[in-house]
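Here's a quick tour of a protein model, written for someone who likes to poke at coordinates. Have the viewer open and follow along.

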Amino acid sequence: MAASLSTPTFSLLSLLHSTINKPSLSPSFFTIKPKVSNFCRFISSSMASDSKDLPINNPGLHATPDEATKGYFLQQTMFRIKDPKVSLEFYSKVMGMSLLKRLDFPEMKFSLYFMGYVDTSSAPSEQVERTAWTFGQKATLELTHNWGTESDPNFTGYHNGNSEPRGFGHIGVTVDDVYKACERFESLGVEFVKKPLDGKMKGIAFIKDPDGYWIEIFDTKNIKEAAGPAS
């Protein structure tokens, strides 16, 4: 934590009084000038180290990533889904995502659907090349469907991480206007966990996808009010 400014201020005032009261062959201004300079450097250093995002305030954080990780990026988050028809409609129609690639594994009886906010018009037409292209896109959703869950009467669904034992929480989607987006979601029958005006944190919302996974909804304007005090 940055040091309080009260202690240096007291020391500077004490120094100023002691310098004025003591006789000196040189003017008092020249006597205290180096101390003032040091104090200014102390303030500058304290203000700089006050940022919550600096490594000095985040034990374990490396200031410079390992050179070996150059080129790494977050490519996917995987959700297991019950019914691809229902999930694909939600993520394409409600959330506005596109299907980048579908991969089927007949021997293991499951399929993967990669969804994201990507212009697929630039995707290669050759299917293996399109797979490689897909894995080069950032922040996609990998929807995993184990065949048969959509029609299994004994299938009760997947744990979304927000009930005990808690673990995974949610993904987040930035929208142009959180209030207009939520009005649209409501008109489409989307289930809400929290609406923008609910609770203490205004201007953010949480909705559920068909499998109960939470999605945080926010915009870059209202997030300043919601998260500003914590910044």
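## What counts as a core

A nonpolar core here is a set of buried Ala, Val, Leu, Ile, Met, Phe, Trp, Tyr and Cys residues joined through side-chain atoms within 4.5 Å. Keep in mind that this is a predicted model.

With that in hand, look at the largest nonpolar core, which has 25 residues. Its members with the most contacts to other members are Tyr-91, Met-95, Phe-185, Ile-207, Ile-215 and Ile-217. Plenty of elements chip in with at least two residues each: the strands E1 (76-81), E3 (110-116), E4 (140-146), E5 (170-174), E7 (205-208) and E8 (214-218), plus the helices H3 (84-94) and H5 (178-187). H5 gives the most, with 4 residues.

Ile-207 is a good one to click on. Setting aside residues up to four places away in sequence, Ile-207 touches a long list, including Phe-90, Met-95, Phe-185, Val-190, Phe-192, Trp-214, Ile-215 and Ile-217. Glu-191 is also one of the residues that Ile-207 touches. There's a second, separate core too, with 8 residues, among them Leu-100, Leu-103, Val-118 and Ala-123.

## Helix H5, side by side

Which residues of H5 are buried? They are Val-178, Ala-181, Cys-182 and Phe-185. These four sit on the same side of H5, because they cover an arc of only 95 degrees around the axis. The general rule behind such patterns is that an α-helix has 3.6 residues a turn, so residues three or four places apart point the same way. Over on the other side of H5, Lys-180, Glu-183 and Ser-187 are exposed.

So what do the buried residues of H5 pack against? Their partners are H3, E7, E8, strand E6 (192-194) and helix H6 (222-227).

The two ends of H5 deserve a look as well. At its start, a side-chain oxygen of Asp-177 comes to within 2.9 Å of the backbone nitrogen of Tyr-179. Just after H5, Gly-189 has a positive phi of about 80 degrees.

## The four-stranded sheet

Now over to an open sheet of 4 strands, in the order E5-E8-E7-E6, with mixed pairing. E5 and E6 are the edge strands, each with a single partner, so one side of each has no neighbour in the sheet. On average, neighbouring strands in this sheet are turned by 30 degrees against each other, direction ignored.

E6 and E7 run antiparallel and are joined by 2 bridges. If you want to find the pairing by eye, Lys-194 stands opposite Phe-206 in E7.

## Asn-162, a polar residue tucked in a loop

Asn-162 is found in the loop between E4 and E5. Is Asn-162 buried or exposed? Its relative accessibility is 18%, and the cut-off for buried is under 20%, so Asn-162 counts as buried.

Its side chain has a polar atom 2.9 Å from the backbone oxygen of Gly-169. Ignoring neighbours within four places in sequence, Asn-162 is in contact with Phe-168, Gly-169 and Trp-214.

## Zooming out

The protein has 6 helices and 8 strands, and along the sequence they follow the pattern α-α-β-α-β-β-α-β-β-α-β-β-β-α. Of its 231 residues, 30% are buried. As for the contacts with a separation of 6 or more, 58% of them join residues that are 24 or more positions apart.

Technical notes:
Residues numbered from 1 in each chain as written. Predicted model: local features only at pLDDT ≥ 70, side-chain atom pairs only at ≥ 80, totals over all residues. Heavy atoms only, no water. Buried < 20%, exposed > 50% of the residue type's maximum accessible area, 1.4 Å probe, protein only. Contact = heavy atoms within 4.5 Å. Arc of directions from axis to C-beta. Polar contact = N/O pair within 3.5 Å; in protein donor to acceptor, adjacent residues only side chain to side chain. Pairing = 2+ DSSP bridges. Axes fitted to C-alpha atoms, helices over the stretch in contact; angles between N-to-C directions.
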